[in-house]
Amino acid sequence: MLLFIRKRLLPAFTCCVILLLLTPTHGDSGSSEQSYKIAQPLELTPKLSLQLKLHAFLLWSSVGFLMPIGVLLIRVSSNVKSAKSVKVLFYCHVASQIVAVALATAGAVLSISNFENAFNNTHQRIGLALYGFIWLQPLIGFLRPDRGVKMRSAWYLTHWLLGLAICVVGVANVYVGLHTYQERTGRSARLWTVLLTVEVAAMAFVYLFQDRWSYVVRQEEAALEDEQSEGSMYPANDHKEVVVVP
């Protein structure tokens with residue numbers, strides 16, 4: 001059941017979240033979006049340039065790096081047999097997510113206090129929704145039921161789906177932010193876009209490779225067990241020389 005949900009429900013859930021966030025609101029949204037598109041290029045003062053770079057770094061570190069790392073850590077722990085290793089990976093997951101939330105909060109405070117916040121463009125609307133979900137996710141994590149409790153499965157699916165959705169939509173918003181920066185300032189963001197793509201591709205490969213690797217390990221263990229069971233069926237005989245006396 002969980003495997004079916006991971007393979008079928010996650011892509012549909014992620015697409016719904018992205019579509020809901022990207023759908024413009026009714027009323028004056030069309031005119032505000034049009035006015036944004038024809039806005040004059042942003043004049044970059046040294047102070048504003050530093051603030052934009054700091055905002056980008058904080059949000060990339062949070063939703064573009066630490067949160068996906070946390071997902072990978074907890075995913076690795078599901079294939080680890082040592083209880084000590086599982087505990088270490090779990091605490092690394094918690095630590096990475098706490099730091100990620102702190103960095104996202106710093107980025108939110110920086111953008112709210114220093115930038116225009118009309119929320120009339122895609123990047124700002126997605127960012128606002130992300131801030132809410134980012135602060136909700138740790139609360140859900142700390143409310144984790146004990147193993148064996150009836151609500152444990154529902155909690156797990158909620159926490160897992162929301163975490164992956166934050167990572168997917170967060171990375172998408174980093175791309176949107178880079179495009180917005182290039183559009184408003186006239187400065188190329190191609191290098192940073194390429195670097196982000198390489199990072200995302202590497203993390204996606206590791207995420208998908210873990211299941212295949214665990215499958216390979218299980219097949220090797222099964223083959224070894226089969227060899228041992230076949231050997232036990234035909235025990236080696238002690239060959240003794242028989243001396244024939246004429």
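Student: Does Cys167 count as buried or exposed?
Tutor: This is a predicted model, in which local features need pLDDT of at least 70, side-chain atom pairs count only at pLDDT 80 or more, and totals for chains, interfaces and linings use all residues. Residues are numbered from 1 along each chain as its sequence is written, while side-chain values use heavy atoms, with hydrogens and water left out. A residue is called buried under 20% relative accessible area, exposed over 50%, and partly exposed in between, with a 1.4 Å probe and protein chains only. Because its relative accessibility is 9%, Cys167 counts as buried.

Student: How does Cys92 count, and how many disulfides does the structure hold?
Tutor: The relative accessibility of Cys92 is 36%, so this residue counts as partly exposed. If a disulfide is taken as a pair of cysteine sulfur atoms within 2.5 Å, the number that the structure holds is 0.

Student: How many helices and strands does the chain have?
Tutor: Both kinds of element are DSSP runs numbered from the N terminus, helices being H or I runs of at least four residues and strands E runs of at least two. Read along the sequence, the pattern is α-α-α-α-α-α-α, and the chain accordingly has 7 helices and 0 strands.

Student: Which element gives the largest share of the largest nonpolar core?
Tutor: Such a core is a set of buried Ala, Val, Leu, Ile, Met, Phe, Trp, Tyr and Cys residues joined through side-chain atoms within 4.5 Å. The largest one has 26 residues, of which Met67, Leu130, Ile134, Ile166 and Tyr207 touch the most other members. Two or more residues come from each of α3 (46–77), α4 (83–114), α5 (122–142), α6 (152–185) and α7 (190–233). With 10 residues, the largest share comes from α6.

Student: Which residues does Met67 touch, leaving aside those up to four places away in sequence?
Tutor: Met67 is among the core residues that touch the most other members. Contact here means heavy atoms within 4.5 Å. Once residues up to four places away in sequence are not counted, the partners of Met67 are Ser62, Gln97, Ala100, Val101, Ile134, Ile166 and Cys167.

Student: How far apart are the end C-alpha atoms of α3, and where is its kink centred?
Tutor: The expected span of a helix is 1.5 Å times one less than its number of residues, so the 32 residues of α3 should span 46 Å, which agrees with a distance between its end C-alpha atoms of 45 Å. The bend at a residue is the angle between axes fitted to the seven residues ending there and the seven starting there. By that reckoning α3 has a kink of about 35 degrees, centred on Ser61.

Student: What covers the buried residues of α4?
Tutor: The buried residues of α4 include His93, Ser96, Ala100 and Leu110. Ser96, with a relative accessible area of 8%, is therefore classed as buried, and it touches Leu66, Gly70 and Leu73, residues up to four places away not being counted. Gln51, which lies in α3, touches Leu110, Asn114 and Phe115 under the same exclusion. For the buried residues of α4, the cover includes α3, α5 and α6.

Student: Does His179 count as buried or exposed, and how far is it from Ala189 in space?
Tutor: His179 is found in helix α6, and its relative accessibility is 51%, so it counts as exposed. His179 and Ala189 are 10 residues apart in sequence, and their C-alpha to C-alpha distance in space is 7.3 Å.
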